[in-house]
Amino acid sequence: LLLPRLLLPPGKVKALASGKLQAAFGREARIGAVSIGLGSIEMNDIEIAKEGGFKEGVQFTARSLRAGFLLKPLIMERRLEFYEVSLEGLSASVSKDSGGRLDLPSLASSAHEGQAPAADLPFSVSMLNVKSGSFRYEDKAAGFALGVSSLTLRLANIKPGEPVSTAISFR
């Protein structure tokens with residue numbers, strides 16, 4: 001239990017993950033508790049602010065993120081190989097203002113065109129599961145809103161810059 005904490009100290013993981021979220025979304029981000037176990041990382045209360053910061057509200061939240069990783073690649077190659085990542089309670093809210101502008105962050109601004117963002121520690125993810133998710137879209141000009149609940153999303157074989165297999169269900 002001590003070795004993973006030495007290689008991935010919780011404070012460093014929290015700062016790195018928060019910084020990566022801020023860089024990727026171009027928005028303020030915060031993470032509650034982080035814990036490191038033997039081959040696992042858990043983060044709770046993940047939030048990404050709306051444009052203008054947290055004073056404007058929260059656009060994306062996740063109650064928890066659990067990631068299982070293989071120890072051998074971390075120790076031998078300083079590479080994170082996740083066999084499963086689960087996000088629970090993921091919630092996203094997107095709106096279009098009366099001028100037709102979407103309040104979505106631009107993920108492309110953090111990477112060079114045509115390239116995936118560089119990682120401090122190379123990684124891959126065998127499986128990403130989203131459970132108990134929800135999504136809300138509002139078009140203020142049209143007076144239209146749409147909500148999706150009980151969202152389940154499954155992505156397989158995630159490697160930066162490569163295609164991803166996807167399965168999705170919702171109500």
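Which residues in H2 are buried? In this predicted model, they are Val-13, Ala-17, Ser-18 and Phe-25. Viewed down the axis of H2, the buried residues fall within an arc of 125°, so they line one face of the helix. An α-helix has 3.6 residues a turn, so residues three or four places apart point the same way. Gly-11, Lys-12 and Ala-15, on the other side of H2, are exposed.

Helix H2 covers residues 10-25, 16 residues in total. From first C-alpha to last it reaches 22 Å, close to the 22 Å expected at 1.5 Å a residue. After H2 comes Gly-26, with a positive phi near 65°.

The buried residues of H2 pack against four strands, listed below.

| Strand packed against by buried residues of H2 | Residues |
|---|---|
| E1 | 29-30 |
| E2 | 34-37 |
| E3 | 40-49 |
| E4 | 58-69 |

**Aromatic rings**

The structure holds one aromatic pair. Its members are Phe-25 and Phe-60, in a tilted arrangement with 5.5 Å centre to centre and 45° between the planes. Because Phe-25 lies in helix H2 and Phe-60 in strand E4, the pair ties together parts that are 35 residues apart in sequence. Both Phe-25 and Phe-60 are buried. Another ring, that of Phe-54, has the charged end of Arg-30 over it, 3.6 Å from the ring centre.

**Nonpolar cores**

In soluble globular proteins, nonpolar side chains tend to be buried together. Here the largest nonpolar core has 23 residues, and Ile-41, Met-43 and Phe-82 are those with the most contacts inside it. Two or more residues of this core come from each of H2, E2, E3, E4, strand E5 (80-88), strand E7 (123-139) and strand E8 (144-158). A second core, separate from this one, has five residues, including Phe-25, Ala-29, Ile-48 and Ala-92. Phe-25 thus appears both in the aromatic pair and in the second core.

**Ser-86 in strand E5**

Is Ser-86 buried or exposed? Buried means under 20% relative accessible area. At 9% relative accessibility, Ser-86 therefore counts as buried. Ser-86 lies in strand E5. Leaving out residues up to four places away in sequence, Ser-86 touches Ser-64, Leu-65, Arg-66, Asn-129 and Lys-131.

Methods: Residues are numbered from 1 along each chain as its sequence is written. This is a predicted model: local features need pLDDT of at least 70, side-chain atom pairs count only at pLDDT 80 or more; totals for chains, interfaces and linings use all residues. Side-chain values use heavy atoms; hydrogens and water are left out. The expected span of a helix is 1.5 Å times one less than its number of residues. Buried means under 20% relative accessible area, exposed over 50%, partly exposed in between (1.4 Å probe, protein chains only). The arc is that of the directions from the helix axis to the C-beta atoms. Contact means heavy atoms within 4.5 Å. Rings of Phe, Tyr and Trp (its six-membered ring) pair if their centres lie within 6.5 Å; planes under 30 degrees apart count as stacked, over 60 as edge-to-face and the rest as tilted. A charge sits over a ring if NZ of Lys or CZ of Arg is within 6 Å of the ring centre and within 35 degrees of the ring normal. A nonpolar core is a set of buried Ala, Val, Leu, Ile, Met, Phe, Trp, Tyr and Cys residues joined through side-chain atoms within 4.5 Å.
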